[in-house]
Amino acid sequence: MASIGYARVSRVDQNAQLQLDALKQARCERIFIDHGVSGTRASRPELEKMLDHLRPGVDEVVVWKLDRLGRNTRNLLALIDDLESRGIHFRSLTEGIATTGPMGTAMLTVMSAFTQLERDQLAERTRAGMAVAAANGRPAGRREITADHGQVKRARDLKAQGIKPADIGKILGVSRATVYRYLSLGGE
């Protein structure tokens, strides 16, 4: 049986190295990685590529943690059911779940319900925090950055030289997301 890994990080600035190390240790022959894609989205480019790549009766899908494959119970179970109907097994390393038997499938159903519960509780806490912030007269959401005009000009100059945003961020000591914000600012 060939092990095919899938990793996902929700934000572009997150690092998938922990997942990649675990999948390599699990001897995955190939690893598909989605960067900056929420687990609640049905359309994930690398997941789609992986699903097309899988061979029935030969491959198994391996993830570091169940929530990397999906955070919505219904979609997660539908995806696992589709894999099983195609003769492809599923294994989650952190939870120690494998769909090679009825107990593994039952545990998967229970764990996916807890994954959804965790996501729902996080959303509830976020809404409560936003309500408290609004009640105290503070705007909710990401704080507005105050751009250093010298940094913005330097970022644009480096981009014009063909340097990638991630490398520009290293040069300027800021995140890649900040570099993209600098580059998107109007001509100030």
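The exercises below work through the fold, sheet, helices and selected residues of a predicted model.

**Exercise 1. Overall form**

Task: State how many helices and strands the protein has, and explain why the protein is described as more spread out than a compact globule.

Solution:
- Step 1. The count gives eight helices and five strands.
- Step 2. In sequence order, these elements follow the pattern β-α-β-α-β-α-α-β-β-α-α-α-α.
- Step 3. For 188 residues the globule rule gives 16 Å, whereas the radius of gyration of the protein is 21 Å, well over that value, so the protein is more spread out than a compact globule.
- Step 4. Along the principal axes, the C-alpha atoms fill a box of roughly 60 × 45 × 25 Å.
- Step 5. Buried residues make up 33% of the 188.
- Step 6. Of the contacts between residues at least 6 apart in sequence, 65% join residues at least 24 apart.

**Exercise 2. The sheet**

Task: Give the strand order of the sheet and find which strands stand at its edges.

Solution:
- Step 1. The five strands form an open sheet in the order β2-β1-β3-β4-β5, and the pairing is mixed.
- Step 2. The edge positions belong to β2 and β5; each has a single partner strand, so one side of each lacks a neighbour in the sheet.
- Step 3. Helix α2 (residues 45-53) packs on this sheet and touches β1, β2 and β3. The direction of α2 makes about 155° with that of β2.

**Exercise 3. The partners of β1**

Task: Describe how β1 pairs with β2 and with β3, and give the handedness of the crossover from β1 to β2.

Solution:
- Step 1. Strand β1 (residues 2-9) runs parallel to strand β2 (residues 30-35), and six bridges join them. One bridge pair consists of Arg-8 and, in β2, Asp-34.
- Step 2. Between these strands the chain passes through helix α1 (residues 17-25), giving a right-handed β-α-β crossover.
- Step 3. Five bridges, also in the parallel sense, pair β1 with strand β3 (residues 59-63). Ile-4 has Val-61 of β3 as its bridge partner.

**Exercise 4. A residue in the loop**

Task: Locate Arg-27, and decide whether Arg-27 is buried or exposed.

Solution:
- Step 1. Arg-27 lies in the loop between α1 and β2.
- Step 2. The relative accessibility of Arg-27 is 68%. The cut-off for exposed is over 50%, so Arg-27 counts as exposed.
- Step 3. The phi of Arg-27 is near 65°, which is positive although the residue is not glycine.

**Exercise 5. Helix α5**

Task: Check the span of helix α5 against expectation, then list its buried residues and what they pack against.

Solution:
- Step 1. Helix α5 (residues 102-135) has 34 residues, and at 1.5 Å a residue the expected span is 50 Å.
- Step 2. The end C-alpha atoms of α5 are 50 Å apart, so the two values agree.
- Step 3. Gly-104, Leu-108, Ser-112, Thr-115 and Ala-133 are the buried residues of α5.
- Step 4. These buried residues pack against α3 (66-69), α4 (73-85), β4 (89-92) and β5 (97-98).
- Step 5. After α5 comes Gly-137, with a positive phi near 75°.

**Exercise 6. The surroundings of Leu-158**

Task: Place Leu-158 in its helix, judge whether Leu-158 is buried or exposed, and name residues that Leu-158 touches.

Solution:
- Step 1. Leu-158 belongs to helix α6 (residues 149-160).
- Step 2. With a relative accessible area of 5%, Leu-158 is buried.
- Step 3. Leaving aside residues up to four places away in sequence, Leu-158 touches Ile-163, Ile-168, Ile-171 and Leu-172.
- Step 4. Leu-77 is 81 residues from Leu-158 along the chain, and their C-alpha atoms are separated by 46 Å.

Note on methods:
Residues are numbered from 1 along each chain as its sequence is written. This is a predicted model: local features need pLDDT of at least 70, side-chain atom pairs count only at pLDDT 80 or more; totals for chains, interfaces and linings use all residues. Side-chain values use heavy atoms; hydrogens and water are left out. Two strands pair if DSSP finds at least two bridges between them. Helices (H or I, at least four residues) and strands (E, at least two) are DSSP runs, numbered from the N terminus. A crossover is right-handed if, with the strands pointing away from the viewer, the path from the first strand over the helix to the second runs clockwise. Buried means under 20% relative accessible area, exposed over 50%, partly exposed in between (1.4 Å probe, protein chains only). Contact means heavy atoms within 4.5 Å. The expected span of a helix is 1.5 Å times one less than its number of residues. Axes are lines fitted to C-alpha atoms, for helices over the stretch in contact, and angles run from 0 to 180 degrees between N-to-C directions. The radius of gyration is taken over C-alpha atoms; the globule rule is 2.2 Å times the number of residues to the power 0.38.
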